Amino acid sequence: MGDRKGVERALAEAEELTVRHRPPGGLTSCISFAPYSPARTLANAATAHLALGDTQRVLECAGRIDDLVERSDSAWSRALVRLDVATALLNGTSPDVEHAMTIGQQVLSAGSGPPIRSVVQRVGELNARTAHWREQPKVREFAEALQTWRATPQNQLISKVCDDDTVV
């Protein structure tokens, strides 16, 4: 976290490994022992750049894999990339709050069963980053939709676990 040179080194190594092992195309699963596809490596790179506050690189990485993300069989892989983009849109000198909230709403309405923990965490992070714009209608709508989403039976337990810092 915050180690830009370390992130760049790790991403370069991941890209080299991805090329060397010639993995399958598409957006491979993030929870697999098989090599990551180039698209999965870029999805992870977007997340790493988000942690560094590098909005442009997040949008570049996500843009390069947008078609594959849209065609992915994994609703949660799609959600994670979209949440990274939405959160990145709130950074910088000219945040695009409405676009970020539209993406956030799309993630919440996508459904597909109980979410994985990282989706719940990133939705919460997106919501937390909107504190500065709480009076904007799109932000209020997103916060209300998030509250409803968290209250559904399939999401209640995982949301509780993610809110509890003592649970790993």
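User: What does Ala110 count as at 46% relative accessibility?

Analyst: Quick ground rules: this is a predicted model in which local features need pLDDT of at least 70, side-chain atom pairs count only at pLDDT 80 or more, and totals for chains, interfaces and linings use all residues. Residues are numbered from 1 along each chain as its sequence is written, and side-chain values use heavy atoms, with hydrogens and water left out. Buried means under 20% relative accessible area and exposed means over 50%, with partly exposed in between (1.4 Å probe, protein chains only). Since Ala110 has 46% relative accessibility, it counts as partly exposed.

User: How far apart in space are Ala110 and Ala79, C-alpha to C-alpha?

Analyst: Start with the address: Ala110 sits in helix α6, residues 97–110. Along the sequence, 31 residues separate Ala110 from Ala79, but in space their C-alpha atoms are apart by 8.3 Å.

User: How many helices does the secondary structure of the protein chain come to?

Analyst: Helices (H or I, at least four residues) and strands (E, at least two) are DSSP runs, numbered from the N terminus. Reading from that end, the elements run α-α-α-α-α-α-α-α-α. Strands come to zero, and the helix count is nine.

User: What share of the residues in the protein chain is buried?

Analyst: The chain has 168 residues. Its exposed surface is about 9,700 Å², with carbon and sulfur atoms supplying 53% of it; such areas come from the Shrake-Rupley method with a 1.4 Å probe, and for residues only the protein chains shown count as cover. The buried share of the residues is 40%.

User: What percentage of the contacts with a separation of 6 or more comes from residues 24 or more positions apart?

Analyst: A contact means heavy atoms within 4.5 Å. Among the protein chain's contacts with a separation of 6 or more, the share from residues 24 or more positions apart is 59%.

User: Which helix supplies the largest share of the lining of the largest pocket?

Analyst: On a 1 Å grid over the protein atoms alone, a pocket is an open set of points with protein on both sides within 12 Å along at least five of seven lines, unlike a cavity, where a 1.4 Å probe fits but cannot get out; lining residues have an atom within 4 Å of a point. Here 15 residues line the largest pocket, with Glu15, Leu42, Ala45, Cys61 and Arg64 nearest its centre. α1 (4–21), α2 (38–51) and α3 (55–64) each give at least two residues to that lining. The largest share, six residues, comes from α1.

User: How much space lies in the largest pocket?

Analyst: Grid points are joined across faces, edges and corners, and a volume is the space filled by probe spheres set on the points. Counted that way, the space in the largest pocket is about 270 Å³.

User: What covers the buried residues of α2?

Analyst: In α2, the buried residues are Ala39, Arg40, Thr41, Leu42, Ala43, Ala45, Ala46, His49 and Leu50. Just past this helix, Gly53 takes a positive phi of about 75 degrees. The cover over the buried residues of α2 includes α1, α3, α4 (66–71), α5 and α7.

User: How far apart are the end C-alpha atoms of helix α7?

Analyst: The expected span of a helix is 1.5 Å times one less than its number of residues. With 13 residues (117–129), α7 should therefore span 18 Å, and this agrees with the model, where the end C-alpha atoms are apart by 19 Å.

User: Is Asn127 buried or exposed?

Analyst: Asn127 is found in helix α7. Leaving out residues up to four places away in sequence, it touches Arg134, Phe142, Ala143 and Leu146. Because its relative accessibility is 15%, Asn127 counts as buried.

User: What is the relative accessible area of Ala86?

Analyst: Ala86 has its place in helix α5, residues 75–89. Not counting residues up to four places away in sequence, Ala86 touches Ala100, Ile103 and Leu126. Ala86 is buried, because its relative accessible area is 0%.

User: Which residues is Cys30 in contact with, leaving aside neighbours within four places in sequence?

Analyst: Cys30 is in the loop between α1 and α2, and it is partly exposed, with a relative accessible area of 29%. Its C-alpha atom is separated by 9.3 Å from that of Thr41, 11 residues apart along the chain. Leaving those sequence neighbours aside, the contacts of Cys30 are Tyr36 and Arg40.
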